[in-house]
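Hi,

Here is the structure I said I would pass on. Have a look at it first, and my notes follow underneath.

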Amino acid sequence: MELYESLFIIRPSIPDEDSNALIDKMKGVAERAGAQFIKHENWGKKKLAYEVRRERKGTYAYFYFKAPNNTVGELEHAYRLEDNIIKFLTVHLEKELVPRRPMDASAEEMTGGRV
């Protein structure tokens with residue numbers, strides 16, 4: 001099992017209930033293909049860096065999961081078939097993501113509060 005991150009952008013013109021249903025549908029596709037989810041989040045509507053398929057905003061969805069190699073192909077195939085998904089990216093991770101720890105007091109003193 002390998003680690004993956006997948007981010008996809010949903011057309012903003014569809015209602016929030018439909019966006020959530022689409023996220024659940026894509027999660028189901030990945031789970032049927034063998035994915036074990038560590039985290040999945042709906043980041044909400046955000047402005048795009050550039051226009052994509054005549055859209056300036058999109059609803060971002062994030063998946064972080066462990067899966068066999070064939071899962072990514074099946075998930076991206078499902079992304080391509082869905083008209084409401086305007087952009088997607090899946091990345092293979094070399095090692096597990098570790099949340100950044102807050103700096104302790106001694107480290108802040110050494111840097112003068114700068115990071």
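Let me start on the outer side of helix H2: the face turned away from its buried side carries Asn-69, Arg-80 and Leu-81, which are exposed (exposed is over 50% relative accessible area, buried under 20%, and partly exposed in between, with a 1.4 Å probe and protein chains only). Before going on, a word on the source: this is a predicted model, where local features need pLDDT of at least 70, side-chain atom pairs count only at pLDDT 80 or more, and totals for chains, interfaces and linings use all residues. Numbering runs from 1 along each chain as its sequence is written, and side-chain values use heavy atoms, with hydrogens and water left out.

Now the other side of H2, which spans residues 69–81. Thr-71, Val-72, Leu-75, Glu-76, Ala-78 and Tyr-79 are buried there. Seen down the helix axis, these buried residues of H2 fall within an arc of 155° (taken from the directions from the axis to the C-beta atoms), so they line one face. They pack against strand S1 (2–10), helix H1 (16–32), strand S3 (55–67) and strand S4 (85–93); contact here means heavy atoms within 4.5 Å. Helices (H or I, at least four residues) and strands (E, at least two) are DSSP runs, numbered from the N terminus.

How do H1 and H2 pack? Their angle is about 150° and their axes are 9 Å apart (axes are lines fitted to C-alpha atoms, for helices over the stretch in contact, with angles from 0 to 180 degrees between N-to-C directions). That makes H1 roughly antiparallel to H2, a label for angles over 145 degrees (under 35 is roughly parallel, 65 to 115 roughly perpendicular, and the rest oblique). On the H1 side the contact is made by Met-26, Val-29 and Ala-30, and on the H2 side by Thr-71, Glu-74, Leu-75, Ala-78 and Tyr-79.

Stepping back, the protein has 3 helices and 4 strands, in the order β-α-β-β-α-β-α along the sequence. Of its 115 residues, 38% count as buried.

One residue to click on is Ile-86, in strand S4. Ile-86 counts as buried, at 5% relative accessibility. Leaving out residues up to four places away in sequence, Ile-86 touches Ile-9, Arg-11, Leu-48, Val-52, Arg-53, Glu-55 and Lys-57. Val-52 lies 34 residues from Ile-86 along the chain, with 6.9 Å between their C-alpha atoms.

Cheers
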